[in-house]
Amino acid sequence: KLECPRGYFCDEGSRSPSACPEGTWANDTMSENVSFCIPCEAGWYRDGTMQDGCQMCPAGYSQNETGASKCIQCEKGTYQGEAGSSACIVCEEPLVTIGPG
């Protein structure tokens, strides 16, 4: 049986592992098909270049959907000071942000 590392799945009969699609990750070794690739949680993402699991969205960004391949920068007038957030926070008057993030 084909050795299948974390972040990949190995279809039966395949000669090489296939990477999980963007926005998903297989935490187990020996994942037998793409259904073993689990979507990243809200506030987390995985693009096609990362091979070490889902990553938290950095401060200044958010992602409210599961299975995301990128985070969304907070718009002007909103902010997020913590990593791994699923939403940006609207500034309360009289406070504002100078730009996005």
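Mentor: Helices (H or I, at least four residues) and strands (E, at least two) are DSSP runs, numbered from the N terminus. This is a predicted model, in which local features need pLDDT of at least 70, side-chain atom pairs count only at pLDDT 80 or more, and totals for chains, interfaces and linings use all residues. Residues are numbered from 1 along each chain as its sequence is written, and side-chain values use heavy atoms, with hydrogens and water left out.

Trainee: In what order do the elements of the protein run from the N terminus on?

Mentor: The order is β-β-β-β-β-β-β-β-β-β; the protein has 10 strands and 0 helices. With a radius of gyration of 17 Å, well over the 13 Å that the globule rule gives for 101 residues, the protein is more spread out than a compact globule. That radius is taken over C-alpha atoms, and the rule is 2.2 Å times the number of residues to the power 0.38. Along the principal axes, the C-alpha atoms fill a box of roughly 65 × 15 × 15 Å.

Trainee: How is a salt bridge recognised, and how many does the count come to?

Mentor: Side chains of opposite charge can pair when their charged atoms come close. The criterion is a side-chain nitrogen of Lys or Arg within 4 Å of a carboxyl oxygen of Asp or Glu. By this rule there is 1 salt bridge, formed by the side chains of Arg-6 and Asp-52 at 3.9 Å, N to O. Arg-6 lies in the segment before β1 (8–9) and Asp-52 in the loop between β5 and β6, so the pair ties together parts that are 46 residues apart in sequence.

Trainee: Is Asp-52 buried or exposed?

Mentor: Buried means under 20% relative accessible area, exposed over 50%, and partly exposed in between (1.4 Å probe, protein chains only). Asp-52 is exposed at 57%, while Arg-6 is partly exposed at 38%. Buried residues make up 30% of the 101 residues.

Trainee: Which side chain of opposite charge is nearest to Arg-46?

Mentor: It is Asp-47, 6.7 Å away; Arg-46 is buried yet has no salt bridge. Arg-46 is found in the loop between β5 (44–45) and β6 (55–56), and its side chain reaches the backbone oxygen of Thr-24 at 3.1 Å.

Trainee: Which residues does Ile-89 touch, not counting those up to four places away in sequence?

Mentor: Contact means heavy atoms within 4.5 Å. Ile-89 touches Gly-77, Thr-78, Tyr-79 and Gln-80. Ile-89 lies in strand β10 (residues 89–90) and, at 39% relative accessibility, is partly exposed.

Definitions and conventions
Lys and Arg count as positive and Asp and Glu as negative; His and the chain ends are not counted. A polar contact is a pair of N or O atoms within 3.5 Å; within protein, one must be able to donate a hydrogen and the other to accept it, and residues adjacent in sequence count only if both atoms are side-chain atoms.
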